[in-house]
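Visitor: I should like to understand how the labels attached to this structure are justified. Could you take me through the reasoning?

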Amino acid sequence: MKITRCRTADDQIVYASIDADGTASVLEGDLASGFRATERRVGVAQRLAPLEPRQVIGIGLNYKRHAAESGMTPPGYPVVFHKTLNSVQGPDGPIVLPRGGRCQKTDYECELAIVIGRDCKDATPNRALEYVFGYTCANDVSSREWQLERGGGQWSYGKSFDTFCPLGPVLVTRDEIPDPNALRISTKLNGKLVQDWRTDDMIFNVRELIAFLSANTTLLAGTVILTGTPHGVGMAHDPPRWLRPGDEVIVAVEGIGELRNVVVEGE
Ligand code: ZN
């Protein structure tokens, strides 16, 4: 099932299933109980992030070729950071550049995002996928100067400005994606393919990440885990290609869809 969260024409927020003709039927339910189709039809005014996450955890340097292009040794353990909830943006909203020249080096990162469906502690890699509700696309938008130059060794500040975590366009239930490490993942910047790779290049795969993150720690239902980005980020271009007002960024993950956001200058 592909689940959209949206604002309706009469200003309600509902979960819905959007058909090919653009009409939508309301879904009943939630992450804990699952979703069921209803007969109720609605007009969609705006698509929103497909869930309101309880927390967003990011994994850095998790693709072999991306670690190489960043000039970093592949890590021995997953590199964990957090993105704060204010950064979540929907598929129809803009990426807003920090204003006043506070950030000149804003970058895109296409990522497969895991949505945890029920509280998960000490999961083994074998059973890890049982805790997954589904998957969506993410753009782990990153201010490289605040991540790498002025961050004091942590990455969260430079990855948590408002709108720096677009999610969507849909939440796809896990039954539709039997192997999350066998998917094509890509970014198009103004129509040009700049990242195009496969999720089997992850250093720590989806099962291993859930096992690692849940060791002695409860991964709360509603947690979103961004699993890292492949090579081709703007930072690694020569010269670097930072996001500019007017850019269109489309993150695509096979089996999920296209997450499209336009970049605007902060006001
Ligand atoms: Zn990332």
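**Cysteines and the zinc site**

Guide: The sulfur of C137 lies 9.1 Å from the closest cysteine sulfur, that of C110, which is too far for a bond. Please note that this is a predicted model.

Visitor: What makes 9.1 Å too far for a bond between C137 and C110?

Guide: A disulfide requires two cysteine sulfur atoms within 2.5 Å. The 9.1 Å between C137 and C110 does not meet that limit, so the pair is not a disulfide. The structure holds zero disulfides. C120 is likewise in no disulfide, the nearest cysteine sulfur, in C165, being 20 Å away.

Visitor: Why is C137 called buried?

Guide: Buried means a relative accessible area under 20%. C137 has 0%, and is therefore buried. The value for C120 is also 0%, so C120 is buried.

Visitor: How do you know which residues coordinate the zinc ion?

Guide: A donor must be an N, O or S atom within 2.8 Å of this metal. E109 (OE), E111 (OE) and D140 (OD) lie at 1.9 to 2.1 Å, and therefore count as donors of the zinc ion. Their spacing along the chain is E-x1-E-x28-D. E111 belongs to strand β11 (residues 110-116), while D140 sits in the loop between β12 (132-139) and β13 (142-143); this pair, 29 residues apart, links distant parts of the chain.

Visitor: Are E111 and D140 buried or exposed, and why?

Guide: E111 has 1% relative accessibility, under the 20% cut-off, and so counts as buried. D140, at 0%, is therefore buried by that criterion.

Key
Residues numbered from 1 in each chain as written. Predicted model: local features only at pLDDT ≥ 70, side-chain atom pairs only at ≥ 80, totals over all residues. Heavy atoms only, no water. Buried < 20%, exposed > 50% of the residue type's maximum accessible area, 1.4 Å probe, protein only. Donors = N, O, S within 2.8 Å, 3.2 Å for Na, K, Ca; no water. Helix = DSSP H or I, 4+ residues; strand = E, 2+ residues; numbered from the N terminus.
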